[in-house]
Each structure stands twice: as structure tokens, then as C-alpha cells.
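Hi,

Here's the structure I promised to pass along. Have a look, and my notes are underneath.

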Amino acid sequence: MKITSAKVIVCSPGRNFVTLKIETDEGIYGLGDATVNGRELVVAQYLEEHVIPSLIGRDAGQIEDIWQFFYRGYYWKKGVIDMAALAAVDMALWDIKAKAAGMPLYQLLGGKSREYINVYTHVNGETIADVLADFEVALNKGYKFIRVQCGVPGLAKTYGVTKKGVAYEPANANLPEEQVWNTTKYLNSVEAVFKAVREKFGDEVELLTDVHHRLTPIEAASLGKMLEPYRLFWMEDPTPSDNQESFKLIRQHTTTKIAVGEVTSSIYDIKDLITNQLVDYIRTTIVHGGGITHIRQIANLAALYQIKTGFHGATDLSPITMGCALHVGTAINNFGIQEHMPHCQVTESVFTHAYQFDHGTFQVGEAPGHGVDINEELAAQYPYKRASLPVNRLEDGTLHPW
Ligand code: GCO
Ligand code: MG
């Protein structure tokens, strides 16, 4: 089966998405997600100028060789833009192969390892009372794994906290909004919300939290120790993982489990974290991590160390990435949890999908391929709009990780 054409669809149904559509001479097409939040047009142009011309005429079935052509075959490998472009090609080719086989993708990846996919959702609020109210809503929807983020007294805005009743969207402005951060205020206030949640809702529900790269390693260690009584499912990105060794310091002090990887795009970005058993969950996901082909390699390495997956699943990853993540999650043994930040209705109307939410879990669906499609006519009604992620400064103006 030959690749006859490919095109990039950039649209903004509620937020920006970059989609690659690959067509073949047998009439089967495949779709891949190439969205990098805040840098969408860069990946779109990369695909159009450098990837698509080299794809035409190739055998669509040679997924591994095509992956290696754009990775090993390219001198400047491994950046997130490259890996997102490569991921889109890889997702689309797996979609084509599974459609040609008349099978849902998970069958090609080894078949079902589980009956459903557990997901975690986000709960947040400016105050503890707001968090407790939002928490109850999530429990009523059936979620058994819940990420908790609370406003920090004295800070105008806190990561992950949104106005009441408004869905949280990270890329919230045309140009980066400048927010203010104070680590002491955060560390002084963060324990109380977990205490309140455990007191009100008991020990059974699993709790997670995202530190969003804000702390130094020793601060992260003290946070982990402080939160031990609340038995978190994980604390996420407690410190930036650029220096993988720094997680040794955290591990020396706390048994709070750690999840890392949503900003990583290659196995080499997390290899030391895995092989030194410095984390418990890997969050690299299909779109930023080179597609299904590369994510399976990461998951296999992690499995050797009893580390599980916890794929990133924020709204800036398109339903196509979610579909692929659910197929991989269904097939592999060391699946841990899937993040679920529901897409808005407009996104859902443009991207139709076979996967279904069911009481805090997903059913992957039985449609051939990855099961996600795009309504191109509708997509065209939502043109790209520049949107940027915020940046963070300390109170004295120093730039700090967001
Ligand atoms: C998460 C993430 C997101 C990111 C977002 C950036 O854990 O879901 O941290 O909220 O901030 O994906 O584009
Ligand atoms: Mg995160």
C-alpha cells in the first residue's frame, strides 16, 4: 500500500490542534496528532516542508523503517518539534495498518491486557472549600483517581486553579501572561488541602498533585515527606527533570511516589530516571514522544524496573493522541493510569471518536484503527488563533519555571 498524499490540518475548535492526514492508493487514510501547545505552526510547517515530501510513494506498512528514516536518518534529531512531527506520521501509519487489518489498534499491539482504562481527573479551587465542592462533583461522575490543586493564599493565580465553573485551559492568552510564584507560600499552604480531602472523603480515593516543576530537589524532598501521611498516588514534576540525577536527592528522603515526563520527548530524556528507579510513573505521551513506536520502547524499558505509564492527557493533546494512548494503555502490561482532562464540546464535535468515558474509566472501542476521525469541513470553521502558555516570575521579577 503506497502513500499517495498527506496534508496538515490546523484548526482551533476550542483550542489549537495540528493534525496530519496520510492517504494511500487503497483509499485507506490515517490520522496523527502533531500539536505542541503554543508552537503549533512550527510543527505544521516542519511537516509540510520537510516530512510530507519524503513520505509520498513510500510503503505505508513500513512503520518502523519510516520512523527510523525521520529519526536516525535525520542529523538534528530529538527535539519536541521533530518528535511531534514524527509522532503524527507514526500514529497515522498505525491507524492505516490497523484499518487495513480491520482491527482496533490494540489488537496489533498485542491484544487486551485489561478490560478498561482507569483515568484521573482534575479538581481545583481557589480555597479549600472550593476544592472540597469540586471534589464531590468528580466523585459523583465516578472518578476514583483525582488530582488536587488549590490556590495559594497571597498569590493572585496558581497553576491548575481556574475560576469557578470554567474549564482549566493552560494556553490562556495571545502572548505569555506573566504570573507570580512564591515557593514558601506554596509549601506553607499545600498540606492543608490534602488533610481536608482525606478527612472529608476518606482513604479509598486516590489523590494526585502536580507540582509543575516549581521546586528545587531538596524542596521537593520536603514536600514529599510532608505529604506522606496522605498517601498520594503520585506527586508530579516536583522539580525540573533536565538534570535526571537530581531526583536521587528526592528519593533519599521520601516514599511519596513520583511521576515525570510530560515535557520529555525521547527515551534518553528519562532513561536515567528509569534505570536508577528514581520515578514510579512515566508521563511522556504519544504526541510529544515520537508516536506509538517510541512510546512502546519507553514503556518496555520502564517495565524492566516495575515503573508504569501515566500518559499526559491535558486538553492540548488532541483526541487522536488520547485514542492512541488508550490503545497502547489497553495493550501493554505496565499501564498505570491515564490523565483525563475532558475536551470541550466544540473539540468533540470536530474530532469524533470510538473511545467512551464510563464512570471514571475509558472503554477504548472496537472501531478499526485508533478510532478517531476528523470532520474537516467543520474544522475549517475554526481557524488557528495564537495562544501562549504563561510564564512565571518570583516576586522580585526573577524568571522561574512555570
Ligand atoms: C498536566 C499538565 C498540563 C500542562 C499543559 C501545558 O499535568 O496536565 O501539566 O496542564 O500544563 O499540558 O500545555
Ligand atoms: Mg503536569
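First, something to check in your viewer: at which residue does H6 bend, and by about how many degrees? The bend sits at serine 189 and comes to about 25°. Bear in mind that this is a predicted model, so treat the numbers below as computed from it.

Sticking with that helix: H6 covers residues 183-201, and at 1.5 Å a residue its 19 residues should span 27 Å. The end C-alpha atoms are 28 Å apart, which agrees with that expectation. At the N-terminal end, asparagine 182 acts as the cap, with a side-chain oxygen 3.0 Å from the backbone nitrogen of threonine 184. Just past the other end, glycine 202 has a positive phi of about 80°.

Quite a few H6 residues are buried, among them Tyr186, Leu187, Val190, Phe194, Arg198 and Phe201. Their cover includes helices H5 (128-140) and H7 (217-227), along with strands S5 (145-150), S6 (178-181), S7 (206-210) and S18 (399-400).

Strand S7 brings me to the metal. The magnesium ion (ligand 2) has Asp210 (OD), Glu236 (OE) and Glu262 (OE) as its protein donors, at 1.9 to 2.2 Å. Along the chain these donors follow the spacing D-x25-E-x25-E. Aspartate 210 is in S7, while glutamate 262 is in the loop between strand S9 (258-260) and helix H9 (271-275), so this pair ties together parts 52 residues apart in sequence. Aspartate 210 and glutamate 262 are both buried.

Over to you!

Note on methods
Residues are numbered from 1 along each chain as its sequence is written. Chains are lettered from A and ligands numbered from 1 in the order in which they are written. This is a predicted model: local features need pLDDT of at least 70, side-chain atom pairs count only at pLDDT 80 or more; totals for chains, interfaces and linings use all residues. Side-chain values use heavy atoms; hydrogens and water are left out. Helices (H or I, at least four residues) and strands (E, at least two) are DSSP runs, numbered from the N terminus. The expected span of a helix is 1.5 Å times one less than its number of residues. The bend at a residue is the angle between axes fitted to the seven residues ending there and the seven starting there. Buried means under 20% relative accessible area, exposed over 50%, partly exposed in between (1.4 Å probe, protein chains only). Contact means heavy atoms within 4.5 Å. A polar contact is a pair of N or O atoms within 3.5 Å; within protein, one must be able to donate a hydrogen and the other to accept it, and residues adjacent in sequence count only if both atoms are side-chain atoms. Donors are N, O and S atoms within 2.8 Å of the metal (3.2 Å for Na, K and Ca); water is not among the atoms, so sites may look incomplete.
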